Amino acid sequence: MHIIDSITAVPPALWCRGFFLGAAGGILALQVLPRDVRSRLMDYGARRPTGASGSGEQKPTRTAAADETGGPTALLTSLASYGQVPHSWFWHFYALSVSWSAFWAWQYVHRGSVMATLAEAQARSMAASPSVELGRVVLAWSMLAVQGSRRLCECFFVVKPGRTPMLFVHWALALVFYTALNISVWIEGSGTILESWKSHQPAVLLTPRVPTGLAIFFAAWLQQNECHRYLASLKKYTLPSEDLFSYIVCPHYTCECVIYLAISFLAAPPGRLFNTSVLCGLVFVAVNLGATAHGTKHWYAQKFGAEKVARRWKMIPFVF
């Protein structure tokens, strides 16, 4: 009982932060593995190693690195042969995100027991911390819903469905991520949410930081859509080289990070610059997409020549 009480005493926001940072740490830990092993565990789409997909190709054999190292490395490589799902299942992530956005909106309007339980647990544990203003909670929730809706539409009407698979763990991890993120955008406003149910005070949507936050969000939101449309227009295995792609290998990943940074900025509690829970989600996104961008630049260099991408930043200009 003492263990159960200790677990339930942890604020929901800390559970979300712990997942984000723990998952990011796991991805960073994978970077120490040999390149071919890491590629089998992390790469998907066109970068998936030959023979590692289930689209009519043979199942992958053990790599030389796996044979040499043996032990856990060989086991991980073997596991990469199984538990694969279609790359086209990416739409599941955004369908889930939009569903969660609708669910939490319904919970707020109807004072649902699920939101009430989480909000009360958060409010009890963080009574001394300032709560995010209701208007900022509504806007942060709306921004995430808009992002999820656009990405879902892109999956069906813009992006070309991939034939190569991704590992089941990638799929499952992303589902948990979007679940935790949809809690993170409102959980630090739990005190304000509970108070609004009692006082019926309307949400104040326009505050000094709102115009800046929305401007950054929609600039990145629109640019990411342009990047996805451009990538979809390319012939198979063509090196992207127009607009931001001439400077950054994965500018659509850059936009993704800016989008979450804008949400964190707008959803910050009084006296703080960012919402810590959403910011931890951004850490996971940056690490996850950063690892993918690193692999993408390496793949481009192998396929099109290192000189073609030598001067391009991988994801973050002047940094990475």
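What share of the 320 residues of the protein count as buried? The answer is 49%. Good morning, everyone. The structure I am presenting is a predicted model, and I shall begin with its overall make-up before turning to its helices.

The secondary structure of the protein comes to 14 helices and two strands. If we take the contacts with a separation of 6 or more, residues 24 or more positions apart account for 81% of them.

An unreviewed UniProt entry lists residues 12–33, 89–106, 167–187, 244–267 and 273–293 under "transmembrane region". Let us take two of these spans in the model. Residues 12–33 are 86% helix and 0% strand, and the C-alpha atoms at the two ends lie 33 Å apart. Residues 244–267 are 67% helix and 0% strand, with end C-alpha atoms 28 Å apart.

I now turn to helix α9, residues 168–187, and to three helices that pack against it.

The first partner to discuss is α6, residues 91–109. The axes of α6 and α9 come within 9 Å and cross at roughly 25°. Angles under 35 degrees count as roughly parallel, and α6 and α9 are therefore roughly parallel to each other. The crossing of α6 past α9 is right-handed. On the α6 side, the contact includes Phe 93, Trp 100 and Trp 104, and on the α9 side it includes Trp 171, Tyr 178 and Trp 186. By class, the residues of this contact of α6 with α9 are eleven nonpolar, six polar and no charged.

The next partner is α2, residues 12–30. Here the axes of α2 and α9 are 9 Å apart, and the packing angle is about 140°. That angle makes α2 oblique to α9. α2 passes α9 in a left-handed crossing. The contact is made by Pro 12, Ala 13, Cys 16, Phe 19, Phe 20 and Ala 23 of α2, together with residues of α9 that include Leu 173, Phe 177, Leu 181 and Ile 187. In this contact of α2 with α9 there are 13 nonpolar residues, one polar and no charged.

The remaining partner I shall describe is α12. The axes of α9 and α12 are 11 Å apart, at an angle of about 30°. That makes α9 roughly parallel to α12. Phe 177, Tyr 178, Leu 181 and Val 185 of α9 meet Glu 256, Tyr 260 and Ile 263 of α12. The contact of α9 with α12 has six nonpolar residues, no polar ones and one charged.

Let us stay with α12 for a moment and consider one residue of that helix, Ile 259. Is Ile 259 buried or exposed? Ile 259 has a relative accessible area of 0% and is therefore buried. Apart from residues up to four places away in sequence, Ile 259 touches Gln 147, Arg 150, Phe 217, Ala 220, Trp 221 and Gln 224. Phe 217 is 42 residues from Ile 259 along the chain, yet their C-alpha atoms are separated by 5.1 Å.

We come next to helix α10, residues 190–199. Which residues of α10 are buried? They are Ser 190, Thr 192, Ile 193, Leu 194, Ser 196 and Trp 197. These buried residues pack against α6, α7, α8 and α9. Let us look at Ser 190, which is buried with a relative accessible area of 1%. Leaving aside residues up to four places away in sequence, Ser 190 touches Leu 118, Ala 119, Gln 122, Ala 123 and Ser 131.

Finally, I would like to consider the backbone. Most residues other than glycine have a negative phi. Just after α10, however, His 200 takes a positive phi of about 60°. Arg 111, which is not a glycine, has a positive phi of about 50°. Arg 111 lies in the loop between α6 and α7, and its relative accessibility of 41% makes it partly exposed. Asp 243, also not a glycine, has a positive phi of about 55°. The place of Asp 243 is the loop between α11 and α12. Is Asp 243 buried or exposed? With a relative accessibility of 57%, Asp 243 counts as exposed.

To close, I return to α9 in this predicted model: α9 is roughly parallel to α6, roughly parallel to α12, and packs with α2 at an angle of about 140°. Thank you for your attention.

Key. Residues are numbered from 1 along each chain as its sequence is written. This is a predicted model: local features need pLDDT of at least 70, side-chain atom pairs count only at pLDDT 80 or more; totals for chains, interfaces and linings use all residues. Side-chain values use heavy atoms; hydrogens and water are left out. Axes are lines fitted to C-alpha atoms, for helices over the stretch in contact, and angles run from 0 to 180 degrees between N-to-C directions. Helices (H or I, at least four residues) and strands (E, at least two) are DSSP runs, numbered from the N terminus. Angles under 35 degrees count as roughly parallel, over 145 as roughly antiparallel, 65 to 115 as roughly perpendicular and the rest as oblique. A crossing is left-handed if the near helix is turned anticlockwise from the far one by less than a right angle, and right-handed if clockwise. Contact means heavy atoms within 4.5 Å. Ala, Val, Leu, Ile, Met, Phe, Trp, Tyr, Cys and Pro count as nonpolar, Asp, Glu, Lys and Arg as charged, and the others, Gly among them, as polar. UniProt positions are given in the numbering used here, feature names are shortened, and annotations may be inferred rather than shown by experiment. Buried means under 20% relative accessible area, exposed over 50%, partly exposed in between (1.4 Å probe, protein chains only).
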